[in-house]
Amino acid sequence: MTGRVYPPVEFRIEPAHVEAFARALGADPADGVPPTYAAVYALGTTARQLFEDPVARVDFARLLHREQEFEWQRQPELGETVTAQGRVTSDVERRGIRLIAFESSVTAGGLGLCRSRAVFVIGGAP
């Protein structure tokens, strides 16, 4: 799976959804898109492709989201449409435990917006 690239996904930064997200965090929606909203538009839009890919054989019942990091060029604007594209940067197995590193690159208007990196751990058979 290492190197596998998924098709780009467009996502609109919906003001009502961002407002609800901000309130759930205790943030002021007037401050704009919270940085952690990247979990929605970067990882949430692309990881699903990995999880639903029959070739990837991700056993969701044994999946653990181990790591997550974001790197921003800028924050998205309310109402803006972004494009996220995910790829598997590594897929290794050690002692029956599978580790998948997954990266999503997000652009808006063709310019870099955000990069997301995650590591998923998939446990072996019980």
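# A quick tour of the fold

The protein chain has an accessible surface of about 7,200 Å², and 53% of that belongs to carbon and sulfur atoms. Bear in mind that this is a predicted model. The chain has two helices and five strands, and read along the sequence they follow the pattern β-α-α-β-β-β-β. The five strands make up an open sheet with antiparallel pairing.

**The chain as a whole**

- The C-alpha trace spans about 50 × 30 × 20 Å along its principal axes.
- The protein chain has 126 residues, and 35% of them count as buried.
- Take the contacts between residues at least 6 apart in sequence: 68% of these join residues at least 24 apart.
- As for charge, there are 14 positive and 16 negative side chains, and the centres of the two sets lie 8 Å apart.

**How the sheet is put together**

- Walk across the sheet and you meet the strands in the order β1-β3-β4-β5-β2.
- The edges belong to β1 (9–12) and β2 (63–72), and each of these strands pairs on one side only.
- From one strand to the next, the twist averages 25°.
- Some background on what holds such an arrangement together: strands of a sheet pair through backbone hydrogen bonds, either parallel or antiparallel.
- It also helps to know that side chains in a regular strand alternate between the two faces of the sheet.

**Strand by strand**

- β3 (residues 81–94) and β4 (residues 97–108) run antiparallel, with eleven bridges joining them.
- One residue pair to look for here is Glu93, whose bridge partner in β4 is Arg98.
- β4 also pairs with β5 in the antiparallel sense, over eleven bridges.
- In that pairing, Val106 has Cys114 of β5 as its bridge partner.
- The hairpin of β4 and β5 has two residues between the strands, and Gly109 takes a positive phi near 60° there.
- β5 is joined to β2 as well, through nine bridges, and these two strands run antiparallel.
- For a marker on this side, find His65 and its bridge partner in β5, Phe120.

**Thr46, a helix residue**

- Thr46 is found in helix α2, which covers residues 38–52.
- Is Thr46 buried or exposed? Its relative accessibility is 0%, so Thr46 counts as buried.
- Which residues is Thr46 in contact with, leaving aside its neighbours within four places in sequence? They are Ala84, Gln85, Gly86, Phe102 and Ser104.
- To put those contacts on the map, recall that β3 takes in residues 81–94 and β4 takes in residues 97–108.

**Gly123, just past the last strand**

- Gly123 has its place in the segment after β5 (111–122).
- Gly123 counts as partly exposed because its relative accessibility is 25%.
- Setting aside neighbours within four places in sequence, Gly123 is in contact with Arg62, Gly96 and Ile97.
- Glu71 is another story: 52 residues from Gly123 along the chain, with 28 Å between the C-alpha atoms of the two.

Key: Residues numbered from 1 in each chain as written. Predicted model: local features only at pLDDT ≥ 70, side-chain atom pairs only at ≥ 80, totals over all residues. Heavy atoms only, no water. Pairing = 2+ DSSP bridges. Helix = DSSP H or I, 4+ residues; strand = E, 2+ residues; numbered from the N terminus. Axes fitted to C-alpha atoms, helices over the stretch in contact; angles between N-to-C directions. Buried < 20%, exposed > 50% of the residue type's maximum accessible area, 1.4 Å probe, protein only. Contact = heavy atoms within 4.5 Å. Areas by Shrake-Rupley, 256 points an atom, 1.4 Å probe, with all protein chains shown as cover. Lys, Arg positive; Asp, Glu negative; His and termini not counted. Charge placed at Lys NZ, Arg CZ, Asp CG, Glu CD.
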